[in-house]
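Got your viewer open? Load the model, and let's go round it one selection at a time.

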Amino acid sequence: MPADARDDVSLWLFWKRTGEMVRSNVVAEVTAGSGLSEPELTVLVQVNEAGGRLRQNSLAAATGWDRGRLSHLLTRMESRGYVSRERLRNGVEIVMLAPGQDVITAAQPHLAAAVDRHLTGKLTPAQREALREILTHLC
């Protein structure tokens, strides 16, 4: 393998390890205090960021989850009273319900603190902006 390819693979492995470490640390802190699973947290954060309503296909695209996994998760979340699904003429919309809003509102300070502790707080403002630019470019 050429040296450049080894460097690229090494960088990819480093990025993967770092991303997983940050993700797992943040998730562990937030889920421990909220009673949410990681997938539930992901759904509630995404729907909340969208203003309380989000198309199911948009959520699937944002998370990279297949429709079956997402549908099963949303069924469980509906049974917990966190969200409801409204059938529309051309799709399904996920709607945040009061218990879901309550749990994500309570979890948000913990999420912000964990993200700061494990990611953004370790970076200078210039590094945060550079990271945002890199991630935007990759997506």
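Start by selecting Leu 135, which lies in helix α6 (helices are DSSP runs of H or I with at least four residues, strands are E runs of at least two, both numbered from the N terminus). This is a predicted model, where local features need pLDDT of at least 70, side-chain atom pairs count only at pLDDT 80 or more, and totals for chains, interfaces and linings use all residues. Residues are numbered from 1 along each chain as its sequence is written, and side-chain values use heavy atoms, with hydrogens and water left out.

Is Leu 135 buried or exposed? At a relative accessible area of 40%, Leu 135 is partly exposed; buried means under 20%, exposed over 50%, and partly exposed in between, using a 1.4 Å probe and protein chains only.

Next, add Val 9, Trp 12, Leu 13, Trp 15, Leu 119, Leu 131, Ile 134 and Leu 138 to your selection: with Leu 135 they form a nonpolar surface patch of about 850 Å² accessible area together. Helices α1 (3-34) and α6 (125-138) each give two or more residues to the nonpolar patch.

Now jump to strands β2 (residues 83-88) and β3 (residues 91-96), which run antiparallel and are joined by six bridges. A two-residue hairpin links β2 to β3. Pick Ser 84 and you'll find its bridge partner, Val 95, in β3.

Last stop: Met 96, also in strand β3. Met 96 counts as buried because its relative accessibility is 11%. Show its contacts (heavy atoms within 4.5 Å): leaving out residues up to four places away in sequence, Met 96 touches, among them, Leu 44, Val 47, Tyr 82 and Ile 104.

Key. Pairing = 2+ DSSP bridges. Patch = residues over 30% accessible without salt bridge, like charges linked within 9 Å, V, L, I, M, F, W, Y side chains within 5 Å. Areas by Shrake-Rupley, 256 points an atom, 1.4 Å probe, with all protein chains shown as cover. Salt bridge = Lys/Arg side-chain N within 4 Å of Asp/Glu carboxyl O.
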